[in-house]
Amino acid sequence: MTHARAVPTCHATPGGEPEGATVTTGAERRLASRHWLLSAAPDRSTACREWQNQGVALLHAGGIFAAARLSGRLVRAAAQADDHDGVDSYLREVLDGPVFHDRRGDRYYALVPSSTAIAWLTCPDTDVLGRDTFVGVPDVTAREPTDTTACYWSVPMDSAGTLCDPSLVAQVAAAGLRRLADEAQTPTAKPTP
């Protein structure tokens, strides 16, 4: 991740209660993440309506984030899983940053720092959407695939400003490419007559 999480300093009082500790609920973190994402919207009201009516809002990449786009087949190969639970679990473990899945286009989008678009090396089945592009981003509440959602957060945004480490995203892409190449070279058994 590119942003460190602030950990409050707690001092125990004579009664054993932590002094100065604050607890942030999941709902508060989702709200903060939603507001942070809205800062990439050309018009916040329009983005809110898009989330409400379509589940996805068009946000401008290249400012507060870029989006590394990876094909579904590449990510499934890296995860060695065909089901969304297995892939999502793998992505949570290796990326530890926000990733959403567009099921219609079968693409995964890892939110990364904007500078990633400049330094990303060309890699099959991947690209980085940066300046001058728009990305259809799901509402932060879309945390599971459903029959009515085209996009959902495979790895929900933990807090505002949290992004994936681009080197880890590149490692996922490289692992997927290696496994796809291995599969292509592995001869398939022919049925015996």
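1. A salt bridge is taken here as a side-chain nitrogen of Lys or Arg lying within 4 Å of a carboxyl oxygen of Asp or Glu. The side chains of D125 and R73 satisfy this criterion, with an N to O distance of 3.0 Å. This contact joins distant parts of the chain, since D125 sits in the loop between α5 (116-119) and β7 while R73 belongs to helix α3, 52 residues apart. The model under discussion is a predicted one.

2. On solvent exposure of this first pair, D125 has a relative accessibility of 27% and counts as partly exposed. R73 is also classed as partly exposed, its relative accessible area being 47%. Neither value falls under the 20% that defines a buried residue or over the 50% that defines an exposed one, and both residues are therefore placed in the intermediate class.

3. A second salt bridge pairs D127 with R69, the closest N and O atoms being 2.6 Å apart. Here the link runs between two strands: D127 lies in β7 (residues 126-129) and R69 in β4 (residues 66-71), with their positions 58 residues apart in the numbering. D127 is partly exposed at 26% relative accessible area, and R69 is partly exposed at 24%.

4. A further salt bridge connects D158 and R29, for which the closest N and O atoms are 3.7 Å apart. This pair too links distant parts of the chain: D158 is located in the loop between β9 (151-155) and α6 (166-185), R29 in helix α1 (residues 26-38), and they are 129 residues apart. The relative accessibility of D158 is 29%, which makes it partly exposed; R29, at 31%, is partly exposed as well.

5. For the structure as a whole, the search returns 5 salt bridges. The pairs described above are among them, including D125 with R73, D127 with R69 and D158 with R29. As general background, side chains of opposite charge can pair when their charged atoms come close.

6. A separate matter is the unpaired acidic surface. D82, D83, D85 and E144 gather there in a patch of negative charge. Membership of such a patch requires over 30% relative accessible area and no salt bridge. D82 has a relative accessible area of 73% and is exposed, so the area requirement is met for this residue. In the chain, D82 is found in the loop between α3 (72-79) and α4 (84-95).

Key:
Residues numbered from 1 in each chain as written. Predicted model: local features only at pLDDT ≥ 70, side-chain atom pairs only at ≥ 80, totals over all residues. Heavy atoms only, no water. Patch = residues over 30% accessible without salt bridge, like charges linked within 9 Å, V, L, I, M, F, W, Y side chains within 5 Å. Areas by Shrake-Rupley, 256 points an atom, 1.4 Å probe, with all protein chains shown as cover. Lys, Arg positive; Asp, Glu negative; His and termini not counted. Charge placed at Lys NZ, Arg CZ, Asp CG, Glu CD. Helix = DSSP H or I, 4+ residues; strand = E, 2+ residues; numbered from the N terminus. Buried < 20%, exposed > 50% of the residue type's maximum accessible area, 1.4 Å probe, protein only.
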